[in-house]
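This report describes a single structure, with attention to its sheet, its helices, the ligand shell and some backbone geometry. The sequence and the model come first.

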Amino acid sequence: MSDKIKMVQPPPGLAGEGFYLTNVDKVIGLGRANSLWPLPFATSCCGIEYMATMASTYDFGRFGTERLSFSPRQADMLLVMGTISKKMGPILRQVYEQMAEPRWVVAVGACASSGGVFDTYSVLQGIDKVIPVDVYVPGCPPRPEQILDGIMKLQEIVKNEPLNRRNSPEYKAMLASYGINVN
Ligand code: SF4
(Lines give C-alpha, C1' and ligand atoms only; values in the text may rest on other atoms or scores of the structure.)
Protein backbone atom coordinates (compact mmCIF):
# COMPACT_ATOMS: atom_id res chain seq x y z
CA MET A 1 0.00 0.00 0.00
CA SER A 2 1.27 3.51 -0.81
CA ASP A 3 2.70 5.32 2.20
CA LYS A 4 0.68 8.38 1.10
CA ILE A 5 -2.52 6.60 2.14
CA LYS A 6 -3.22 6.81 5.84
CA MET A 7 -5.77 4.51 7.42
CA VAL A 8 -7.75 5.89 10.35
CA GLN A 9 -9.98 4.15 12.82
CA PRO A 10 -13.68 5.08 12.99
CA PRO A 11 -14.80 7.05 16.04
CA PRO A 12 -15.59 4.93 19.11
CA GLY A 13 -19.07 3.47 19.11
CA LEU A 14 -19.53 3.65 15.31
CA ALA A 15 -17.94 0.34 14.41
CA GLY A 16 -17.58 -3.12 15.79
CA GLU A 17 -17.33 -6.67 14.62
CA GLY A 18 -19.74 -7.12 11.74
CA PHE A 19 -21.19 -3.61 11.65
CA TYR A 20 -20.37 -0.04 10.79
CA LEU A 21 -22.64 2.82 11.74
CA THR A 22 -23.18 5.86 9.54
CA ASN A 23 -26.19 7.90 8.52
CA VAL A 24 -28.48 7.60 5.54
CA ASP A 25 -27.65 11.07 4.20
CA LYS A 26 -23.97 10.17 3.91
CA VAL A 27 -24.51 6.79 2.26
CA ILE A 28 -26.98 8.16 -0.29
CA GLY A 29 -24.77 11.21 -0.91
CA LEU A 30 -21.78 8.95 -1.53
CA GLY A 31 -23.77 6.81 -3.98
CA ARG A 32 -25.17 9.80 -5.85
CA ALA A 33 -21.85 11.62 -6.07
CA ASN A 34 -20.12 8.63 -7.62
CA SER A 35 -22.80 7.71 -10.14
CA LEU A 36 -23.76 11.00 -11.78
CA TRP A 37 -25.34 10.52 -15.21
CA PRO A 38 -24.40 13.44 -17.46
CA LEU A 39 -26.52 15.01 -20.15
CA PRO A 40 -24.13 16.92 -22.43
CA PHE A 41 -25.90 20.00 -23.81
CA ALA A 42 -23.12 21.09 -26.15
CA THR A 43 -23.68 23.88 -28.63
CA SER A 44 -20.18 24.93 -29.63
CA CYS A 45 -16.44 24.76 -29.00
CA CYS A 46 -16.57 23.88 -25.27
CA GLY A 47 -18.29 20.66 -26.35
CA ILE A 48 -15.05 19.64 -28.09
CA GLU A 49 -13.19 20.02 -24.81
CA TYR A 50 -15.78 17.78 -23.24
CA MET A 51 -15.13 15.15 -25.91
CA ALA A 52 -11.44 15.31 -24.95
CA THR A 53 -12.43 14.95 -21.30
CA MET A 54 -14.40 11.81 -22.15
CA ALA A 55 -11.55 10.27 -24.15
CA SER A 56 -8.88 7.96 -22.80
CA THR A 57 -6.28 10.51 -21.66
CA TYR A 58 -8.60 12.18 -19.15
CA ASP A 59 -11.12 9.36 -18.80
CA PHE A 60 -14.16 11.12 -17.39
CA GLY A 61 -15.62 7.69 -16.59
CA ARG A 62 -13.19 7.34 -13.65
CA PHE A 63 -15.60 9.50 -11.67
CA GLY A 64 -18.58 7.21 -12.21
CA THR A 65 -19.86 9.54 -14.93
CA GLU A 66 -19.31 7.46 -18.02
CA ARG A 67 -22.96 6.61 -18.56
CA LEU A 68 -23.96 9.46 -20.89
CA SER A 69 -27.62 10.19 -21.29
CA PHE A 70 -29.18 11.92 -24.25
CA SER A 71 -32.59 11.88 -22.66
CA PRO A 72 -33.19 14.32 -19.79
CA ARG A 73 -35.36 11.73 -18.08
CA GLN A 74 -32.39 9.45 -17.52
CA ALA A 75 -29.87 12.09 -16.47
CA ASP A 76 -29.16 13.91 -13.24
CA MET A 77 -26.25 16.18 -14.21
CA LEU A 78 -26.82 18.73 -16.95
CA LEU A 79 -23.55 19.92 -18.49
CA VAL A 80 -24.12 23.06 -20.54
CA MET A 81 -21.20 23.71 -22.86
CA GLY A 82 -21.15 26.48 -25.41
CA THR A 83 -22.84 29.67 -26.43
CA ILE A 84 -26.55 29.70 -25.60
CA SER A 85 -28.62 32.10 -27.66
CA LYS A 86 -31.65 33.78 -26.14
CA LYS A 87 -33.84 31.76 -28.51
CA MET A 88 -32.38 28.59 -27.06
CA GLY A 89 -33.01 29.64 -23.44
CA PRO A 90 -36.57 28.20 -23.27
CA ILE A 91 -35.38 24.92 -24.81
CA LEU A 92 -32.62 24.62 -22.23
CA ARG A 93 -35.15 25.25 -19.50
CA GLN A 94 -37.48 22.60 -20.93
CA VAL A 95 -34.64 20.08 -20.88
CA TYR A 96 -33.95 20.99 -17.25
CA GLU A 97 -37.62 20.64 -16.36
CA GLN A 98 -37.72 17.17 -17.89
CA MET A 99 -34.98 15.95 -15.56
CA ALA A 100 -36.14 14.27 -12.39
CA GLU A 101 -35.01 15.46 -8.97
CA PRO A 102 -32.38 15.47 -7.68
CA ARG A 103 -30.68 17.21 -10.61
CA TRP A 104 -27.58 19.33 -10.84
CA VAL A 105 -26.25 21.79 -13.41
CA VAL A 106 -22.69 22.66 -14.42
CA ALA A 107 -22.02 25.70 -16.62
CA VAL A 108 -18.92 24.71 -18.57
CA GLY A 109 -16.90 27.60 -19.95
CA ALA A 110 -17.26 31.35 -20.21
CA CYS A 111 -20.17 31.32 -22.67
CA ALA A 112 -22.44 29.13 -20.54
CA SER A 113 -21.38 30.93 -17.36
CA SER A 114 -21.68 34.52 -18.53
CA GLY A 115 -22.11 34.80 -22.29
CA GLY A 116 -18.33 34.92 -22.68
CA VAL A 117 -17.04 37.29 -25.33
CA PHE A 118 -20.47 37.41 -26.97
CA ASP A 119 -21.94 40.45 -25.27
CA THR A 120 -24.52 40.81 -28.01
CA TYR A 121 -28.28 41.21 -28.39
CA SER A 122 -28.81 37.55 -29.27
CA VAL A 123 -26.72 35.69 -26.66
CA LEU A 124 -27.90 34.75 -23.20
CA GLN A 125 -25.52 36.32 -20.71
CA GLY A 126 -25.22 33.18 -18.62
CA ILE A 127 -27.50 30.16 -18.32
CA ASP A 128 -28.36 31.14 -14.74
CA LYS A 129 -30.77 33.60 -16.33
CA VAL A 130 -33.03 30.62 -17.10
CA ILE A 131 -32.01 27.73 -14.84
CA PRO A 132 -30.19 27.41 -11.50
CA VAL A 133 -26.50 26.50 -11.70
CA ASP A 134 -24.51 24.52 -9.12
CA VAL A 135 -20.95 24.86 -10.46
CA TYR A 136 -19.36 27.31 -12.92
CA VAL A 137 -16.25 26.21 -14.81
CA PRO A 138 -14.20 29.19 -16.06
CA GLY A 139 -12.21 29.34 -19.28
CA CYS A 140 -12.58 29.88 -23.01
CA PRO A 141 -12.35 27.03 -23.55
CA PRO A 142 -11.72 25.35 -20.20
CA ARG A 143 -9.09 22.63 -20.35
CA PRO A 144 -10.24 19.09 -19.54
CA GLU A 145 -8.51 19.43 -16.15
CA GLN A 146 -10.81 22.36 -15.37
CA ILE A 147 -13.89 20.39 -16.39
CA LEU A 148 -12.77 17.52 -14.15
CA ASP A 149 -12.16 19.99 -11.32
CA GLY A 150 -15.70 21.32 -11.77
CA ILE A 151 -17.12 17.79 -11.62
CA MET A 152 -15.13 17.05 -8.46
CA LYS A 153 -16.51 20.23 -6.91
CA LEU A 154 -20.01 19.11 -7.84
CA GLN A 155 -19.36 15.70 -6.29
CA GLU A 156 -18.55 17.45 -2.99
CA ILE A 157 -21.84 19.37 -3.22
CA VAL A 158 -23.79 16.18 -4.00
CA LYS A 159 -22.11 14.23 -1.19
CA ASN A 160 -23.02 16.85 1.38
CA GLU A 161 -26.54 17.67 0.23
CA PRO A 162 -29.14 17.06 2.96
CA LEU A 163 -31.78 14.55 1.85
CA ASN A 164 -34.66 16.93 2.54
CA ARG A 165 -33.18 19.87 0.57
CA ARG A 166 -35.36 19.30 -2.51
CA ASN A 167 -38.52 19.47 -0.41
CA SER A 168 -37.49 22.58 1.49
CA PRO A 169 -39.43 25.83 1.05
CA GLU A 170 -36.16 27.61 0.16
CA TYR A 171 -35.49 25.23 -2.74
CA LYS A 172 -39.05 25.51 -4.01
CA ALA A 173 -38.87 29.30 -3.76
CA MET A 174 -35.61 29.29 -5.73
CA LEU A 175 -37.21 27.23 -8.52
CA ALA A 176 -40.28 29.44 -8.46
CA SER A 177 -38.03 32.50 -8.92
CA TYR A 178 -37.03 30.93 -12.26
CA GLY A 179 -40.66 30.36 -13.16
CA ILE A 180 -40.14 26.59 -12.89
CA ASN A 181 -43.20 24.66 -11.92
CA VAL A 182 -42.96 22.90 -8.56
CA ASN A 183 -45.47 20.37 -7.38
S1 SF4 B 1 -16.34 29.70 -23.82
FE2 SF4 B 1 -14.98 29.98 -25.59
S3 SF4 B 1 -14.52 27.90 -26.24
FE4 SF4 B 1 -16.35 27.77 -24.93
S5 SF4 B 1 -18.11 27.91 -26.33
FE6 SF4 B 1 -17.60 29.97 -25.66
S7 SF4 B 1 -16.25 30.78 -27.25
FE8 SF4 B 1 -16.28 28.56 -27.46
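Four strands make up an open sheet, ordered E3-E4-E5-E6, with parallel pairing. Strand E3 (38-42) and strand E6 (135-137) are at the edges; each has a single partner strand, so one side of each lacks a neighbour in the sheet. From one strand to the next the twist averages 20 degrees. The model is a predicted one.

Within the sheet, strand E4 (residues 77-81) pairs with strand E5 (residues 104-108) in the parallel sense, over five bridges. Val80 is placed opposite Ala107 in E5.

Two helices lie across strands of this sheet. Helix H2 (residues 46-54) lies across E3, E4 and E5 and runs at about 145 degrees to E3. Helix H3 (residues 89-98) also lies across E3, E4 and E5, and its direction is at about 165 degrees to E4.

Which residues of H2 are buried? They are Cys46, Glu49, Tyr50 and Thr53. These residues cover an arc of only 105 degrees around the axis, and therefore lie on the same side of H2. The elements that cover the buried residues of H2 include E3, E4, E5, H4 and helix H5 (144-159).

The ligand is surrounded by Ser44, Cys45, Cys46, Gly82, Thr83, Gly109, Ala110, Cys111, Gly116, Cys140 and Pro141. Cys46 thus belongs to the ligand shell and is also buried in H2. Helix H4 (residues 109-114) gives the most to the shell, with three residues. By residue class, the shell divides into six nonpolar, five polar and no charged.

Two peptide bonds are cis, as the table shows.

| Cis peptide bond | Omega | Place of the proline |
|---|---|---|
| Glu101 to Pro102 | about -5 degrees | loop between H3 and E5 |
| Cys140 to Pro141 | near -10 degrees | loop between E6 and H5 |

Both partners of the Cys140 to Pro141 bond, which is cis, are among the residues that surround the ligand.

A further backbone feature concerns Asp59. Although Asp59 is not a glycine, its phi is positive, at about 50 degrees. Asp59 is located in the loop between H2 and E4. Is Asp59 buried, exposed or partly exposed? Asp59 has 13 C-beta neighbours inside 10 Å, so it counts as partly exposed; a residue is exposed at 12 or fewer and buried at 20 or more.

Methods. Residues are numbered from 1 along each chain as its sequence is written. This is a predicted model: local features need pLDDT of at least 70, side-chain atom pairs count only at pLDDT 80 or more; totals for chains, interfaces and linings use all residues. A residue is near a molecule or strand if its C-beta atom, placed from the backbone, lies within 6 Å of it. Ala, Val, Leu, Ile, Met, Phe, Trp, Tyr, Cys and Pro count as nonpolar, Asp, Glu, Lys and Arg as charged, and the others, Gly among them, as polar. Two strands pair if DSSP finds at least two bridges between them. Axes are lines fitted to C-alpha atoms, for helices over the stretch in contact, and angles run from 0 to 180 degrees between N-to-C directions. Two residues are in contact if their C-beta atoms, placed from the backbone, lie within 7 Å. The arc is that of the directions from the helix axis to the C-beta atoms.
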